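Visitor: I have a few quick questions about this one. Can you walk me through it?
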Amino acid sequence: MLMQILQPARNKSAQAMPQDISTLVPMPDDVQGILKKSCYDCHSNNTEYPWYAYVQPLHWYLNSHIRSGKEELNFNEFAGYTLRRRQNKLRAIENSLKDGTMPLSSYSLIHRNAILDPREKSILIKWVQNSRDSLNRKNLTAL
């Protein structure tokens, strides 16, 4: 019972996201919808917590998992990354989509709606490739 009293801070932010990836590259509504559904719980500053997140020690486990995901990639802080890191992250997103390692199976086991169908994967891969090209063009014009 004592564990239930100790609730870690939640990954919620009501602030504007000036470093969001959408400030760098266009993000169509369909892409944003797919990312929110399948990626943002672990890779943004706003997590939609399920009911079981209020039960300890599950909440501690979830928070640890979210922290790790945000350290690896945070869409809300993407514009603050160096150009090299942005390119690497976009390449990693594309590879993860192609090899099916994201979203994690441990996440999609419970969050069935996060599973990406082939059409959604294709939309995201095309968007990632276009975003990488766009960032390259911006970098070339800045030189």
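Visitor: Phe78 and Tyr81: buried or exposed?
Guide: Both Phe78 and Tyr81 are buried. Keep in mind that this is a predicted model.
Visitor: How are the rings of Phe78 and Tyr81 arranged?
Guide: Their centres are 5.4 Å apart and their planes sit at 55 degrees, so the pair is tilted.
Visitor: What lies over the face of Tyr81?
Guide: Arg85 does, at 3.9 Å from the ring centre.
Visitor: How many aromatic pairs are there?
Guide: The count is 2. Tyr40 and Phe75 make a pair with ring centres 5.4 Å apart. Their planes are at 25 degrees, and the cut-off for stacking is under 30, so this pair is stacked.
Visitor: Where do Tyr40 and Phe75 lie?
Guide: Tyr40 is in helix 3, residues 40-43. Phe75 is in the loop between helix 4 (58-72) and helix 5 (83-99). The pair therefore ties together parts that are 35 residues apart in sequence. Tyr40 and Phe75 are both buried.
Visitor: What else is Phe75 in contact with?
Guide: Leaving aside neighbours within four places in sequence, its contacts include Gln19, Asp20, Ile21 and Leu35. Cys39, His43 and Ile93 are also among them, as is Tyr40.
Visitor: Now the core. How many residues has the largest nonpolar one?
Guide: It has 24 residues. Those with the most contacts inside it are Ile21, Leu35, Phe75, Phe78 and Trp127.
Visitor: Which elements give two or more residues to this core?
Guide: Helix 2, helix 5 and helix 7, the last of these spanning 118-142. Helix 7 gives the most, with 6 residues.
Visitor: Which residues does the second core include?
Guide: That separate core has 5 residues, including Tyr49, Tyr52, Ala53 and Leu62.
Visitor: Back to helix 2. Which of its residues are buried?
Guide: Helix 2 covers residues 29-38, and its buried residues are Val31, Ile34, Leu35 and Ser38.
Visitor: Where do the buried residues of helix 2 fall, seen down the axis?
Guide: They fall within an arc of 95 degrees, so they line one face of the helix. In general, an α-helix has 3.6 residues a turn, so residues three or four places apart point the same way.
Visitor: Switching to cysteines. How many disulfides?
Guide: The structure holds 0. Cys39 is in no disulfide, and the nearest cysteine sulfur belongs to Cys42.
Visitor: Why is there no bond from Cys42 to Cys39?
Guide: Because the two sulfurs are 9.2 Å apart, too far for a bond. A disulfide needs them within 2.5 Å.
Visitor: Cys39 and Cys42: buried or exposed?
Guide: The cut-off for buried is under 20% relative accessible area. Cys39 is at 17%, so Cys39 counts as buried. Cys42 is at 13%, so Cys42 is buried too.
Visitor: What about Asn113, buried or exposed?
Guide: Asn113 is exposed, because its relative accessible area is 51% and the cut-off is over 50%. Asn113 is found in the loop between helix 6 and helix 7.
Visitor: What is Asn113 in contact with?
Guide: Setting aside neighbours within four places in sequence, Asn113 contacts Lys37 and Ser38. Asn113 and Ser38 are 75 residues apart in sequence, yet 7.5 Å apart in space, C-alpha to C-alpha.
Visitor: One last thing. Which residues does a cis peptide bond join?
Guide: Met102 and Pro103, with omega at about -10 degrees. Most peptide bonds are trans. Pro103 is found in the loop between helix 5 and helix 6 (105-108).

Note on methods. Residues are numbered from 1 along each chain as its sequence is written. This is a predicted model: local features need pLDDT of at least 70, side-chain atom pairs count only at pLDDT 80 or more; totals for chains, interfaces and linings use all residues. Side-chain values use heavy atoms; hydrogens and water are left out. Rings of Phe, Tyr and Trp (its six-membered ring) pair if their centres lie within 6.5 Å; planes under 30 degrees apart count as stacked, over 60 as edge-to-face and the rest as tilted. Helices (H or I, at least four residues) and strands (E, at least two) are DSSP runs, numbered from the N terminus. Buried means under 20% relative accessible area, exposed over 50%, partly exposed in between (1.4 Å probe, protein chains only). A charge sits over a ring if NZ of Lys or CZ of Arg is within 6 Å of the ring centre and within 35 degrees of the ring normal. The arc is that of the directions from the helix axis to the C-beta atoms. A nonpolar core is a set of buried Ala, Val, Leu, Ile, Met, Phe, Trp, Tyr and Cys residues joined through side-chain atoms within 4.5 Å. Contact means heavy atoms within 4.5 Å.
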